[in-house]
Amino acid sequence: MKEQLSYNLGRESSFSYSCNRCMKCCYSKRIMLTPYEIIRLARNLRITTREFISQFTEAGGTILRFRSEDGGCSLLSKNGCAVHADRPAACRIYPLGGFFQLDGQETFALLTPHPESLGVYGTPATVKPGDTVASFLESQGIEPYHRANRKYVRLLTILLPLITAYISNQEESADTADLNCSQEEIMKWFDVDAVVETYSSKHDIPVPADLDEQVDLHVRALEEWFSQAAQRDDT
């Protein structure tokens with residue numbers, strides 16, 4: 001049964017948490033990935049985004065793969081997270097869950113801890129002035145993820161219904177019928193390297209080396225694709 005969460009925390013809410021690397025939170029989860037997270041994880045492992053999608057994700061790159069034999073994350077080693085410096089945003093903000101709206105509003109919920117977790121939660125007696133959700137997020141390096149995702153905001157109103165329909169194994173929904181795109185096309189969007197390389201070749205521009213510039217080009221390529229797809233559907 002899916003956990004019902006109360007998203008009643010804001011950035012100003014009192015909060016503190018200390019991880020003790022018990023790795024209990026690295027099992028039996030469902031973590032959705034963004035294109036930015038995929039490219040960071042691929043760079044960490046020194047492979048292409050296509051290779052990362054093939055080896056470490058499900059549903060064409062939208063969901064991080066967990067091992068069937070023990071329920072552990074496919075990126076978890078015996079010593080802990082193998083990609084800790086570039087771990088997904090959901091892992092960074094744990095034990096918080098975040099709800100982010102397209103208009104920029106955000107709220108947070110406290111997730112139910114694993115019964116054997118060694119993580120230490122702040123209490124009214126131990127939380128210090130300045131210990132807030134905002135300070136915790138800053139300590140976890142979440143801002144680059146938020147900054148990258150804001151670049152995709154113009155696309156998310158189209159992307160999210162398409163991805164949701166794909167994950168739900170629906171061929172199309174009322175929100176996506178007008179775009180006339182296949183599941184295969186949708187999943188190609190997450191192969192950032194391929195999208196950027198194709199776009200750069202088409203427009204005769206060099207592939208940028210900087211990750212943020214690659215994200216910018218990926219967004220631009222998707223915007224162009226959506227514009228052309230909409231024009232085809234209008235004819």
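**Group meeting: a predicted model, from one loop to the whole chain**

Good morning. I begin with S74, which sits in the loop connecting β3 (63-64) to β4 (76-77). Please bear in mind throughout that this is a predicted model. The side chain of S74 places a polar atom 2.8 Å from the backbone oxygen of R65. Setting aside residues up to four places away in sequence, S74 touches F56, L64, R65, F66 and R67. R65 is thus present on both counts, as a partner of the S74 side chain through its backbone oxygen and as one of the residues that S74 touches.

L64, another residue touched by S74, leads us to the interior. Which residues have the most contacts inside the largest nonpolar core? They are L33, F52, L64, L75, V133 and L137, in a core of 47 residues. Several helices contribute to this core: α1, α2, α3, α4 (133-139), α5 (143-151), α8 and α9 each supply at least two residues. The largest share is that of α9, with six residues.

Let me take L33 from that group. Beyond its neighbours within four places in sequence, L33 is in contact with I38, L41, F52, T57, G61, T62, I63, L64, P88 and F190. F52 and L64 therefore appear twice on this slide, as contacts of L33 and, like L33, among the residues with the most contacts inside the core.

I turn next to α1, which spans residues 35-45. Is this helix largely enclosed or largely open? It is largely enclosed by the rest of the structure, because eight of its eleven residues are buried. The buried residues are P35, Y36, E37, I38, I39, R40, L41 and A42. Two of these, I38 and L41, are contacts of L33.

On the approach to α1 we find R30, in the loop that follows β1 (17-18). R30 counts as exposed, because its relative accessibility is 58%. The C-alpha atoms of R30 and A90 are 9.8 Å apart in space, while the two residues are 60 apart in sequence.

Now to the backbone geometry. Most residues other than glycine have a negative phi, and most peptide bonds are trans. Where does the model depart from the first of these patterns? Just after α1, R46 takes a positive phi of about 60°, although R46 is not a glycine. R46 belongs to the loop between α1 and α2 (49-56). With a relative accessibility of 78%, R46 is exposed.

D204 is a further case: its phi is positive, at about 55°, and D204 is not a glycine either. This residue lies in the loop between α8 (192-202) and α9 (211-234). D204 is exposed too, having a relative accessible area of 71%.

As for the peptide bonds, a cis bond joins Y94 and P95, with omega at about 15°. P95 is placed in the loop between α3 (89-93) and β6 (96-100).

A word on the cysteines. How many disulfides does the model contain? The count is zero. A disulfide requires two cysteine sulfur atoms within 2.5 Å. The sulfur of C22 has its closest cysteine sulfur in C25, at 6.4 Å, which is too far for a bond. For C26 the closest cysteine sulfur is again that of C25, at 4.1 Å, and this also is too far for a bond. Their surroundings may be noted as well: C22 is partly exposed, at 23% relative accessible area, whereas C26 is buried, at 19%.

I come lastly to the protein as a whole. It contains nine helices and eight strands. Of its 235 residues, 40% are buried. Among contacts between residues at least 6 apart in sequence, 69% join residues at least 24 apart. The accessible surface comes to about 13600 Å², and carbon and sulfur atoms account for 51% of that area.

How confident is the predictor? The mean pLDDT is 86, with 82% of residues at 70 or more. Over residues 170-178, however, pLDDT stays under 50. For that segment the model has eight contacts beyond four places in sequence.

Thank you. I am glad to take questions.

Key: Residues numbered from 1 in each chain as written. Predicted model: local features only at pLDDT ≥ 70, side-chain atom pairs only at ≥ 80, totals over all residues. Heavy atoms only, no water. Helix = DSSP H or I, 4+ residues; strand = E, 2+ residues; numbered from the N terminus. Buried < 20%, exposed > 50% of the residue type's maximum accessible area, 1.4 Å probe, protein only. Polar contact = N/O pair within 3.5 Å; in protein donor to acceptor, adjacent residues only side chain to side chain. Contact = heavy atoms within 4.5 Å. Core = buried A, V, L, I, M, F, W, Y, C linked by side-chain atoms within 4.5 Å. pLDDT = per-residue confidence, 0-100. Areas by Shrake-Rupley, 256 points an atom, 1.4 Å probe, with all protein chains shown as cover.
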